[in-house]
Amino acid sequence: MSRYSNLSHSELERMLSESERLLRADTDTDTDYLLHNLQLHKIELEIQNRDLMESQKELENIRDQYAELYDFAPVGYLTLDKNGIINNLNISAAAMFGAERSRIVGRPLSTQLAPGMGRLLFDHLRHAFSSDQKVTADLALKTTSDGITRYVRADTIVHADLESQAHCLMNLIDTTERRRAEQAVIDERTFLQHVIDGVENPIMVISLDFKVLRMNEAAKRIATMQKIDPEHACCYQISHQVDRPCDGDDYPCPLKIVLQTRLPTKVTHNHISEFGTQRKYEVSVSPLFDDDGEIMGVIESSHDITEHLELLDELKERQLSYAHLAQHDALTGLPNRLLFADRLSQAIHVAHRNKSMLAVLFIDLDRFKEVNDSFNHATGDAVLKEVAERFQSLFREDDTIARMGGDEFTVILTHIKKDSNAALVAKKLLNLFKKPFTIQNHKLYLTASIGISLYPDHGDSVDELVRNADTAMYRAKEEGRNTFQYYTLELTARAFERVFLASSLHNAISQNELILHYQPQIELITKEICGVEALVRWQNRDLGLLTPDKFIPLAEESEVIDEMGAWIMKEACQQMKAWQDSGILRSDMTISVNLSGKQFDHNNLLEEIEQTLTATGLSPDCLELEITETTMMRSTSVTSETLRKLRKLGVKVAVDDFGTGYSSLNYLKQLPITRLKIDKTFISDIPDDLNDVAISKAIIAMANNLLLDVLAEGIETGEQHQFLIQQGCRVGQGYLFARPMPSDQFESFIEQTRQG
Ligand SMILES: Nc1nc2c(ncn2[C@@H]2O[C@H](COP(=O)(O)O[C@H]3[C@@H](O)[C@H](n4cnc5c(=O)[nH]c(N)nc54)O[C@@H]3COP(=O)(O)O)[C@@H](O)[C@H]2O)c(=O)[nH]1
């Protein structure tokens, strides 16, 4: 230790300046000079020594700091020689190896790695030594005693030391946690993929541009079957093998629906299955939202519901069949008592609302027990089945025919307009039994008895109507069977007449029972005959001479009216021509023939009239067709077209029963008619009934204004006659002049008139 060592730095500085001053001032002798110089030098040395020590201390501090940084850096540092022996390493690296630094230094790095990593390290180092660049490898370290395997990313660069010895510097970044996190994501994804792969229905995650982002095995199988690359496919290509998104009502696009509603949706589509067949799929689609709540795509799961739907159909069919069984008779297939009651209740409801009529027919087979007793039940069943079939052939769809049990059947007839209509149906039902039932080579002749009740006259409930029809059926049995009866006797009598007439009407023409009566039409001022009206009569064998109101409506209900109308037309034209030819009537006179509304509706009316006129030789302008005002008003376009054609032919057209319909003036003006016939109801009370007087006057004035002929019907008194003349009505007909009469009487009448 020098004598300066205890001095502070500033004292040394001060002594140094003092020594320099003394050296410059007191240098008389060489000795002094040397002494001062020596002292000066010593002080300088001491100062330099002090500086050196401070620098050294600072250096040591820096080295310590560096060593700390080196040791505790989050990165592991290694120095390896070219054989892979660890020359040095920091604490972080030792920590990664899970061992003390002193135990590792001098050992090969390969001993710190997980089994199987040696080759990778070898290649890595060889690569590093052959390159002047940093090279990288991912290494797994030896599993520590507590079972942890660490993973590191090694960046290695070769470096030459002072002795030009090549060694390498390696830094290690612990990637264990990152790898774990990455692995966790991979595991999660794999798990989820396994989950969706485990679902047997096709699942697809679809982006907003219809691209399939992810799919499960089932969806992949469909794509593969269709040779579609699953990585670059759109959903519609996989599901439908088409090149554009689904659209329309049959194939609504679920993605578009989800985008509109932002809600999960379900649609049913026909898809191609993994076996290449078309199947019905229920497609469930849910939105996939991003963190901002925007829809980024959808997840679509398709469920093959083909079999489910087939099962449902089957189930429905079975349900229907059970329902059918519950409501139908097993033997005949007809509605049973239950369904009948239900239908009748509905029919009553409708009839009540529409204020219409309905009928219930109760049918019981006569002596059916004998069939069962004489043969066997199987024969009886076969008969009942055939009875049911024959019944069914008769009815419209909205009528109900039911089997109540045993040999009892019931029928509901809706929309019947007249009470007698039910009798016509009953008669038809009875006619069905005229043909024998051939069962197992046996011919069985059966009959039935029918009771009829009507809503609302005979009851307004199911029970009442069935009970009363049943009662009526028993009366039919008492009446000798094979017949029908209404619940009330009066109705039965009326109905019988109609049924009788209806059934014998068919023979009226062939058996020459129809005849025409003729009523003259009179010039009211001169009382001369100016025309004639043909009026049909039926000379019935049992009931005598029948007027048309008894049988024309019946003929209209069946097709008989066509044949009857044709006969009347021909007979009238023939007779008129004969009278004209023989001079009984003038050749400018007309014969009026009534046309039924039904005839007017038929397409061939015009042809038929033309043919009749040609066949009989009567001039068309000698024929006047009388069409009721109501018929004319029915369909204006059709009516005016037919009338126009008739007029073109030359035939005259009169509006019959004028005043009873509701024709408008405007309408009358448009129709090509030639005459108005004032209905007799307006004439009969003239002059007492002022309304009738006013109406008749108005009709006559109107006809004159429209330049139409006018004829007054049903003139019975002189007063009526005079009144009509005063009003300007030129022509009339009525009992006052003559009743309708057969042709021979008509001829005598003409003769008398001429003479008288
Ligand atoms: N489709 C067809 N319908 C016809 C035919 N013939 C007649 N009818 C329609 O029947 C309705 C009734 O006819 P009818 O019983 O013959 O009565 C006619 C006259 O007998 C009757 N008449 C004539 N004068 C008088 C009278 O002074 N008093 C009185 N109470 N009755 C009288 O009027 C009927 C004349 O009928 P019309 O001129 O046709 O209006 C009848 O109205 C026709 O609708 C036919 O062949 N086909």
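## Helices, sheets and a ligand shell

In this predicted model, α16 passes α17 in a right-handed crossing. That is a good place to begin the tour, and the neighbours of these helices follow from there.

**Helix packing around α16**

Two packed helices are described by the angle between their axes and the distance between the axes. For α16 and helix α17 (residues 548–557), the axes come within 10 Å and cross at roughly 65°. The two helices are therefore roughly perpendicular to each other. On the α16 side, the contact is made by Arg 498, Leu 501, Ala 502 and Leu 505, and α17 answers with Lys 550, Phe 551, Leu 554 and Ala 555. Sorted by class, the residues of this contact of α16 with α17 are six nonpolar, no polar and two charged.

Helix α16 (residues 489–510) also packs with helix α14 (residues 419–431), at an angle of about 55° and with the axes 9 Å apart. That angle makes α14 oblique to α16. The crossing of α14 with α16 is right-handed. From α14, the residues Asp 419, Ser 420, Ala 423, Leu 424 and Lys 427 take part, and they meet Leu 491, Arg 494, Ala 495, Arg 498, Val 499, Ala 502 and Ser 503 in α16. The residues of the contact of α14 with α16 comprise six nonpolar, two polar and four charged. Arg 498 and Ala 502 of α16 appear in the contact with α14 and also in the contact with α17.

**The surroundings of the ligand**

Helix α17 leads on to the ligand. How many residues surround the ligand? There are 24 of them, and the closest are Leu 535, Val 536, Pro 548, Asn 594 and Gly 734. The elements that give two or more residues to this shell are β19 (529–540), α17 and β23 (652–658). By class, the shell around the ligand holds eight nonpolar, seven polar and nine charged residues.

**Two open sheets**

Strands of a sheet pair through backbone hydrogen bonds, either parallel or antiparallel. One open sheet here has five strands in the order β2-β1-β5-β4-β3, with antiparallel pairing. Its edge strands are β2 (86–89) and β3 (135–140), each of which pairs on one side only. On average, neighbouring strands of this sheet are turned by 25° against each other, direction ignored. Strand β1 (residues 76–81) runs antiparallel to β2, and three bridges join them. Across this pair, Thr 79 stands opposite Asn 88 in β2.

Another open sheet is formed by five strands in the order β7-β6-β10-β9-β8, and its pairing is antiparallel. Each of its edge strands, β7 (212–215) and β8 (265–272), has a single partner strand, so one side of each is left without a neighbour in the sheet. Neighbouring strands of this sheet are turned by 30° against each other on average, direction ignored.

Which residues face one another along these strands? Strand β9 (residues 278–289) pairs with β8 in the antiparallel sense over eight bridges. Here His 271 has Arg 279 of β9 as its bridge partner, and Thr 268 has Glu 282 of β9. Strand β9 also pairs with strand β10 (residues 295–304), again in the antiparallel sense, over nine bridges. In that pair, Tyr 281 is bridged to Asp 304 of β10.

The turns of these hairpins have glycines to look at. Between β8 and β9 there are five residues, and Gly 276 in this hairpin takes a positive phi near 80°. The hairpin of β9 and β10 likewise has five residues between its strands, and Gly 293 in the turn has a positive phi of about 80°.

**Backbone details in the loops**

Most residues other than glycine have a negative phi, and most peptide bonds are trans. The table gathers two cis peptide bonds.

| Cis peptide bond | Omega |
|---|---|
| Tyr 455 to Pro 456 | near 5° |
| Ile 686 to Pro 687 | about 10° |

Pro 456 has its place in the loop between β16 (448–455) and α15 (462–478). Pro 687 is found in the loop between α24 (680–683) and α25 (690–705).

One more residue deserves a visit. What is the phi of Asn 482? Its value is near 50°, which is positive in a residue other than glycine. Asn 482 lies in the loop between α15 and β17 (484–486).

Notes: Residues numbered from 1 in each chain as written. Predicted model: local features only at pLDDT ≥ 70, side-chain atom pairs only at ≥ 80, totals over all residues. Axes fitted to C-alpha atoms, helices over the stretch in contact; angles between N-to-C directions. Helix = DSSP H or I, 4+ residues; strand = E, 2+ residues; numbered from the N terminus. Parallel < 35°, antiparallel > 145°, perpendicular 65-115°, else oblique. Left-handed = near helix turned anticlockwise from the far one by under 90°. Contact = placed C-beta atoms within 7 Å. Nonpolar A, V, L, I, M, F, W, Y, C, P; charged D, E, K, R; others polar. Pairing = 2+ DSSP bridges. Near = placed C-beta within 6 Å.
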